[in-house]
Amino acid sequence: MSDAAQMVSVEVKDRIATLTLNNAAKRNALTRALLDALIAALKSLKAQDVRVVILRAPADATVWSAGHDIKELPHGHEDPLGYADPLERALRAIREFPTPVIAMVHGTVWGGAFDLVLSCDMIVADETASFAITPVNLGLPYNTTGLLHFIGRLPMNLIKEMFFTATPLKAEDAARWHIVNHLVPSAELEGFTLSLAEGMAAKAPLAVAVIKEQLRVLTDYQPIAAQVFERIQDMRRKVYDSADFQEGINAFLEKRKAVFTGS
Ligand code: YXS
């Protein structure tokens, strides 16, 4: 198996597939290689009689995923979260996959990985989980599709606090805000998630698949005037072309605190 394919291990048992993110050295940072492996794994599962997918990190991980690979973010005159970005392709692959995808979360979830778990159909977490969205740490203008994911899922005041502070939301607060479907003790996380999966795996798969796709198209397709979209892109371009975005990337690479000047 190629190195890239090893970044996502696949196990199928009783029509339930478990995909495990396996890049501990980089804290499961969402590199192009890992995301391509995730997309390929989902594609291969489509040809099998799989009824539910569980997406997880290894049991010993303290970081579920460190988010988009910052070193791979295009910086300088290119949209850092464009339609063809590997993360965006992976989000679409999960949202379009014809079975329920459960994010089973223990450990910390950062940045684009939060968008990834929110793109799953449900989240089961334990008390070690936390969730942070962090573009303001880099000076990065999040993309419109991504913001619509959050708007469709979370209250606006919570979205603004999470985006503007980049502070991780603790598990119990994520449960209080209904970000996670279930918050269970660590010792019960796997058993609870498997039991939830088994229940859904026994239901009529065609009905489940079409209801999931109906819900996707009804929530994802939100009309937006061309002029509004062009204005948004113009605003975002000014940000991802800014010195602050370059500073955000450099600060991470140099392992120092970023100093933003607003230019
Ligand atoms: O120094 P080496 O080569 O060993 O590599 C280190 C880190 O550089 C690397 N790593 C990452 N590489 C690329 N992109 C990342 N997001 C990333 N995160 C980590 O992994 C090696 C081990 O990291 P280290 O020593 O920091 O581990 P730790 O256990 O002390 O700390 C774990 C974290 C997750 C708290 C820490 O690595 C961290 O704060 N990572 C950055 C988390 C983050 O800000 N993610 C957002 C990425 S940007 C994104 O997702 C969106 C585009 S947005 O900005 O819109 O949210």
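Let us start at helix α10, whose buried residues are covered by elements including α3 (86-96) and β5 (101-105). Keep in mind as you look around that this is a predicted model.

Helix α10 runs over residues 205-220, and its length is easy to check for yourself. With 16 residues at 1.5 Å a residue, helix α10 should span 22 Å, and its end C-alpha atoms are indeed 22 Å apart, so the expected and the modelled span agree. Which residues of α10 are buried? They are A209, K212 and R216. These residues cover an arc of only 65° around the axis, so they sit on the same side of α10. Now turn to the face of α10 that points away from the buried side: there you will find the exposed residues L206, L215 and L218.

Stay with α10 a little longer and look at R216 again. The side chain of R216 meets that of E213 in a salt bridge, with N and O 2.7 Å apart. Both residues belong to helix α10 and are three residues apart, about one turn of the helix. Are the two partners buried or exposed? R216 counts as buried because its relative accessibility is 14%, under the 20% cut-off. E213, at 29% relative accessibility, counts as partly exposed.

A similar spacing can be found in helix α11, which covers residues 226-240. There R237 forms a salt bridge with D234, and the closest N and O atoms are 3.5 Å apart. R237 and D234 are three residues apart, about one turn of the helix. R237 is partly exposed, with a relative accessible area of 37%, and D234 is partly exposed too, with 34%. Elsewhere, salt bridges that share partners join R95, E96, E213, R216 and D220 into one network, so the pair you met in α10 is part of it.

Next, move to R56, which lies in strand β3 (residues 52-56). Its relative accessibility is 11%, and therefore R56 counts as buried. What does R56 touch, leaving aside its neighbours within four places in sequence? Its contacts are T18, L19, T20, L21, W64, M104, H106 and E190. Take H106 from that list: R56 and H106 are 50 residues apart in sequence, yet their C-alpha atoms are 8.2 Å apart in space.

E190 deserves a look as well. The side chains of R56 and E190 meet in a salt bridge of 3.0 Å, N to O. This pair links distant parts of the chain, with R56 in strand β3 and E190 in helix α9 (residues 186-201), 134 residues apart. While R56 is buried, E190 counts as partly exposed at 44% relative accessibility. In the whole model, the count comes to 17 salt bridges.

Two more stops complete the walk. In helix α12, made of residues 243-253, you can find E247. Because its relative accessibility is 15%, E247 counts as buried. Not counting residues up to four places away in sequence, E247 touches R256, K257, A258, V259 and F260.

Finally, visit the surface, where L147, I151 and M156 make a nonpolar patch of about 250 Å². One of these, I151, has its place in helix α6 (residues 144-151). At 45% relative accessibility, I151 counts as partly exposed.

Terms used:
Residues are numbered from 1 along each chain as its sequence is written. This is a predicted model: local features need pLDDT of at least 70, side-chain atom pairs count only at pLDDT 80 or more; totals for chains, interfaces and linings use all residues. Side-chain values use heavy atoms; hydrogens and water are left out. Patches are made of residues with over 30% relative accessible area and no salt bridge: like charges are joined within 9 Å, nonpolar side chains (Val, Leu, Ile, Met, Phe, Trp, Tyr) within 5 Å. Accessible areas come from the Shrake-Rupley method with a 1.4 Å probe; for residues, only the protein chains shown count as cover. A salt bridge is a side-chain nitrogen of Lys or Arg within 4 Å of a carboxyl oxygen of Asp or Glu. Helices (H or I, at least four residues) and strands (E, at least two) are DSSP runs, numbered from the N terminus. Buried means under 20% relative accessible area, exposed over 50%, partly exposed in between (1.4 Å probe, protein chains only). The expected span of a helix is 1.5 Å times one less than its number of residues. The arc is that of the directions from the helix axis to the C-beta atoms. Contact means heavy atoms within 4.5 Å.
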